[in-house]
Amino acid sequence: MAQGKYLSSTTLIFLFLISHNFLFIVAEVVQPIVYSPKDKKTYIVYTNSSDYVKILASVLGSEEAAEQAILYTYHDVIRGFSASLTLAQAARLLDHKDVLSVKESATYHLLKGFEGPTSN
């Protein structure tokens, strides 16, 4: 009995499916992820270093993207910056060795007519 030189149809289907999944995975990795402005929020990033662009570039992929994302830098009392980021990007920043904390920026409004505590 001669050994088969051809692959079975089941094997071919399996190889076909694997190759398509692999191409799909490669396409996901190669294509840049584009976020809409509504997916981004402002985050305040406190750091040990004043090299803010390089810190942010480690997450965003380029110094150009980092420069565009930085909204404000803090130098006087604290070291850090504010940047427009997605939640995933902000979370990845926490893994950087020079990042102390990442907080979502918040705006607080005083109540109108509030005069503080009253004493009896």
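**Exercise 1. Find what share of the contacts is long-range, then place the fold around that number.**

Start with the number: of the contacts with a separation of 6 or more in the protein, 66% are between residues 24 or more positions apart. A contact here means heavy atoms within 4.5 Å. Before going on, note that this is a predicted model, where local features need pLDDT of at least 70, side-chain atom pairs count only at pLDDT 80 or more, and totals for chains, interfaces and linings use all residues. Residues are numbered from 1 along each chain as its sequence is written, and side-chain values use heavy atoms, with hydrogens and water left out.

Next, the elements: there are four helices and four strands, in the order α-β-α-α-β-β-α-β. Helices (H or I, at least four residues) and strands (E, at least two) are DSSP runs, numbered from the N terminus.

**Exercise 2. Decide which stretch to leave alone.**

Check the confidence first. pLDDT, the predictor's confidence in each residue, runs from 0 to 100; the protein averages 78, and 62% of the residues score at least 70. Then look at residues 23–32: their pLDDT is below 50, and beyond near neighbours in sequence this stretch has zero contacts in the model. Where pLDDT is low, the predicted coordinates shouldn't be read in detail.

**Exercise 3. List the buried residues of α2 and say what covers them.**

Buried means under 20% relative accessible area, exposed over 50%, and partly exposed in between (1.4 Å probe, protein chains only). By that rule, 22% of the 120 residues are buried. Helix α2 contributes Tyr52, Ile55, Leu56, Ala57 and Val59. Their cover includes β1 (41–47), α3 (63–69), β2, β3, α4 (87–93) and β4 (99–104). Step just past the helix and you hit Gly61, with a positive phi of about 100°.

**Exercise 4. Classify the aromatic pairs.**

Rings of Phe, Tyr and Trp (its six-membered ring) pair if their centres lie within 6.5 Å; planes under 30 degrees apart are stacked, over 60 edge-to-face, and the rest tilted. The count comes to two pairs.

- Pair one: the ring centres of Tyr52 and Phe81 are 5.5 Å apart with planes at 50°, so call it tilted. Tyr52 sits in α2 (residues 52–60) and Phe81 in β3 (residues 80–85), so the pair ties together parts 29 residues apart in sequence. Both Tyr52 and Phe81 are buried.
- Pair two: Tyr72 and Tyr74 have ring centres 5.0 Å apart and planes at 65°, so this one is edge-to-face. Tyr74 is partly exposed, at 24% relative accessibility.

Now for the strands. Two strands pair if DSSP finds at least two bridges between them; β2 (residues 70–74) and β3 are antiparallel over four bridges. Tyr72 has Ser82 of β3 as its bridge partner, and a hairpin of five residues joins β2 to β3.

**Exercise 5. Find the salt bridges and check how exposed their ends are.**

The criterion is a side-chain nitrogen of Lys or Arg within 4 Å of a carboxyl oxygen of Asp or Glu. The whole structure yields two.

- Lys41 and Glu104 meet at 3.8 Å, N to O. Lys41 is in β1 and Glu104 in β4, so the bridge ties together parts 63 residues apart in sequence. Lys41 is partly exposed at 42%, and Glu104 is partly exposed at 45%.
- Lys97 and Asp98 meet at 3.4 Å, N to O. Lys97 is exposed at 70% relative accessibility, whereas Asp98 is buried at 17%.
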